[in-house]
Amino acid sequence: MTRRPGAAIAALGVAAALLLGGCTATASGSTNDKPVRGGDLVFARATGVTSLDTTTVHNNVSIFTAEQLMETLFTVSDDGKDIEPWLATGYEISDDELTYSVTLRDDVEFSNGQKMTAEDVKFSIDQDTKTADTGWGYINEAIKEVSVVDDLTVEFELKYVSTPFLAVLTMFSNQIVPKDYAGKSADEFYENPIGTGPFVLDEWKKGQYFKVVRNENYWQTDKPYLDSVQWNVVADVNTRKLQLQGGQVQIDVQPDWSNFDSLSETPGIVTKAFESTLLSDIAFNQEREPFNDVHVRRAIAYAIDREALVDAVLFGHGTPANSLIAPGTPYYDKNVEGPSFDLEKAKKELAKSEYPDGFSTTLLISSGNTEKSSTAQIIQAALKKVGIDVEITPLGPTAAHQAMLSMDYDMTLSGWTMDIPDPDQWTTFAVDPAGGSNSDNTGYNNPEVIAINDKAKQESDPKKRAELYSELQQITGDDAFLAYLYYSPYGFALSEKVKGFHVTPLGNYHLEDVYLSE
């Protein structure tokens with residue numbers, strides 16, 4: 001994808017600097033062909049948008065869609081490792097690293113034609129921060145105050161030195177919206193938000209489809225190329241495949257891995273496995289017995305053959321997981337020894353527990369998802385070998401997600417994709433009960449791990465941060481609050497007419513750069 005000239009900010013060890021301009025990056029899959037203006041792009045995906053309020057929504061489908069309507073001050077590079085100016089042109093940082101002065105672009109308008117100013121930025125960041133107990137506001141915990149210096153300058157005063165701070169400003173929950181929601185209530189606003197993004201909402205039939213059209217006031221005046229984008233909800237994976245092959249849609253989101261390689265051999269269709277930061281795991285509800293027993297959790301973690309899962313479920317498109325942090329995320333430690341397949345260790349751990357003879361439990365999964373269904377069946381068979389009887393409980397994707405959020409489950413198949421190029425967002429969400437989700441909706445609470453995580457976010461020395469995150473990865477693995485399963489890429493199948501489509505390791509994409517060849 002091509003963006004405006006400028007420089008990228010290294011995500012790790014960011015030094016005091018003033019960066020001017022936008023950014024330049026080239027999307028994988030793009031060509032030297034001249035982009036064609038016009039055309040309607042249609043996606044097929046398993047679930048639909050539930051909310052556009054990115055300060056509180058907790059599902060990627062909604063988030064990645066909302067990012068086409070609303071934007072942040074900074075964004076991430078195509079490889080997911082660097083931070084680049086977006087609605088901002090750059091920043092200055094004080095000698096004590098407690099004050100950031102961010103300069104805004106002077107050519108940005110909201111989709112209603114209203115000019116974006118520092119007042120809008122302050123309002124937006126403050127609104128996100130207020131959701132600390134209900135949404136993503138914990139991500140802004142380092143911010144003491146946001147001040148308007150002038151129309152194009154915003155000042156952030158921090159409570160403490162925060163190494164992830166610039167990465168935090170790339171977070172979707174910190175997208176910029178008009179001050180006071182342009183005179184609407186928050187609920188009214190997010191039914192049809194006004195943003196600075198390349199598209200505006202045209203029609204939203206919940207549970208059926210979501211359609212956007214070109215924002216004629218977009219600050220990148222030559223973009224977007226497409227007239228419209230529509231995401232259709234098609235729960236059945238085979239139906240999505242047939243619609244792609246039949247030309248009704250141009251992009252199939254997450255095709256079944258069993259069909260992935262054969263789809264690439266279909267004339268007119270290409271498949272892409274984009275590098276990801278995706279971790280798949282089993283989450284345990286530690287507020288229910290027997291999962292408050294670490295030996296039970298370890299027994300389950302040791303009983304699972306991850307290599308077999310990668311072969312049988314992903315058809316080789318993935319690797320066994322050893323850590324809370326995925327490869328591609330800063331400070332991932334490949335040498336961390338998370339529980340790996342060992343039936344004898346599994347039996348010994350269960351023997352140490354209060355349930356040496358085993359027990360019965362349930363595993364919640366989203367229905368209509370072949371990957372999750374296959375994974376659940378393999379786990380069910382594996383745990384039976386150590387005396388644990390598992391009943392697989394499928395629910396619709398929305399109901400399953402809500403059950404996890406309300407912790408109405410025993411075990412569930414879960415996962416995480418990074419949203420910023422720094423581990424802090426995920427580690428705080430995962431291990432800190434105050435991090436917006438009661439430790440990834442598991443109830444996990446280890447004061448030692450919380451203290452390490454707090455220290456890591458305030459440590460500016462990359463070497464010391466690495467040591468802290470390695471320690472955190474080892475302890476959380478030993479605690480088995482999640483049973484890590486595998487790391488997998490983002491799979492997409494698309495028409496060869498789709499050009500410029502790239503997915504970052506964080507899972508998001510810039511559709512303003514996409515066009516359809518003639």
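Okay, let's start in the middle of the protein. The largest nonpolar core here has 108 residues, and the ones with the most contacts inside it are Phe43, Leu73, Phe156 and Phe501. Strand E18, residues 482–495, gives this core its largest share, six residues. There's also a second, separate core of 34 residues, and that one includes Ile282, Leu309, Leu314 and Ile365. As background, nonpolar side chains in soluble globular proteins tend to be buried together. And before I go on, please keep in mind that this is a predicted model.

Next, the helices. I picked two of them.

Take H15 to begin with, residues 462–479. What span should its 18 residues have at 1.5 Å a residue, and how far apart are its end C-alpha atoms? The expected span is 26 Å and the end C-alpha atoms sit 26 Å apart, so the two agree. As for burial, the list in H15 is Arg465, Leu468, Tyr469, Leu472, Gln473, Ile475, Thr476, Gly477 and Asp479. So what do those buried residues of H15 pack against? Three helices and a strand: helix H7 (294–303), helix H12 (424–431), helix H14 (447–458), plus E18. That's the E18 we just met as the strand giving the largest share of the 108-residue core.

The other helix is H2, residues 118–129. With twelve residues at 1.5 Å each, H2 should span 16 Å, and its end C-alpha atoms are 17 Å apart, which agrees. Buried in H2 we have Ala118, Asp120, Val121, Phe123, Ser124, Ile125, Gln127 and Asp128. The packing partners of those residues are strands: E6 (99–104), E7 (143–150) and E8 (153–158).

On to the holes, which I guess some of you have been waiting for. The structure holds six cavities of 30 Å³ or more. The largest has a volume of about 230 Å³. Twenty residues line that largest cavity, and the closest to its centre are Glu67, Thr72, Thr75, Asn508 and His510. By class, its lining comes out at eight nonpolar, eight polar and four charged residues.

How big is the second largest cavity? About 70 Å³ in volume. Its lining takes in Ile139, Asn140, Glu141, Ala142 and Ile143, then Tyr160, Ser162, Pro164, Phe165 and Val168, and finally Asp424 and Lys457. That lining divides into seven nonpolar, two polar and three charged residues.

Let me zoom in on one residue, Ser414. You'll find Ser414 in strand E17, residues 411–416. Is Ser414 buried or exposed? It's buried, because its relative accessible area is 8%, and the cut-off for buried is under 20%. If we leave aside neighbours within four places in sequence, Ser414 is in contact with Leu279, Ser280, Asp281, Ala283, Met404 and Asp440.

Now some backbone oddities. Most residues other than glycine have a negative phi, and most peptide bonds are trans. Here are the exceptions I'd click on.

Which bond joins Lys223 and Pro224? A cis peptide bond, with omega at about 0 degrees. Pro224 lies in the loop between strand E10 (209–214) and strand E11 (228–233). Another cis bond runs from Glu289 to Pro290, with omega near 5 degrees. Pro290 is in the loop between strand E13 (269–284) and H7, and H7 is one of the helices that the buried side of H15 packs against.

Then the phi angles. Asp180 has a positive phi of about 60 degrees although it's not a glycine. Asp180 is in the loop between helix H3 (165–168) and helix H4 (186–189). Ala182 is found in the loop between H3 and H4 too, and Ala182 also isn't a glycine but has a positive phi, about 55 degrees. What about accessibility? Asp180 is partly exposed, with a relative accessible area of 45%, and Ala182 is partly exposed at 34%.

Last stop, Gly396. Gly396 sits in the loop between strand E16 (388–395) and helix H11 (397–405), and at 31% relative accessibility Gly396 counts as partly exposed. How far apart are Gly396 and Gly368, in sequence and in space? They're 28 residues apart in sequence and 7.6 Å apart in space, C-alpha to C-alpha.

That's my tour, thanks.

Conventions:
Residues are numbered from 1 along each chain as its sequence is written. This is a predicted model: local features need pLDDT of at least 70, side-chain atom pairs count only at pLDDT 80 or more; totals for chains, interfaces and linings use all residues. Side-chain values use heavy atoms; hydrogens and water are left out. On a 1 Å grid over the protein atoms alone, a cavity is a set of points where a 1.4 Å probe fits but cannot get out, and a pocket is an open set with protein on both sides within 12 Å along at least five of seven lines; lining residues have an atom within 4 Å of a point. Grid points are joined across faces, edges and corners, and a volume is the space filled by probe spheres set on the points. Ala, Val, Leu, Ile, Met, Phe, Trp, Tyr, Cys and Pro count as nonpolar, Asp, Glu, Lys and Arg as charged, and the others, Gly among them, as polar. Helices (H or I, at least four residues) and strands (E, at least two) are DSSP runs, numbered from the N terminus. Buried means under 20% relative accessible area, exposed over 50%, partly exposed in between (1.4 Å probe, protein chains only). Contact means heavy atoms within 4.5 Å. A nonpolar core is a set of buried Ala, Val, Leu, Ile, Met, Phe, Trp, Tyr and Cys residues joined through side-chain atoms within 4.5 Å. The expected span of a helix is 1.5 Å times one less than its number of residues.
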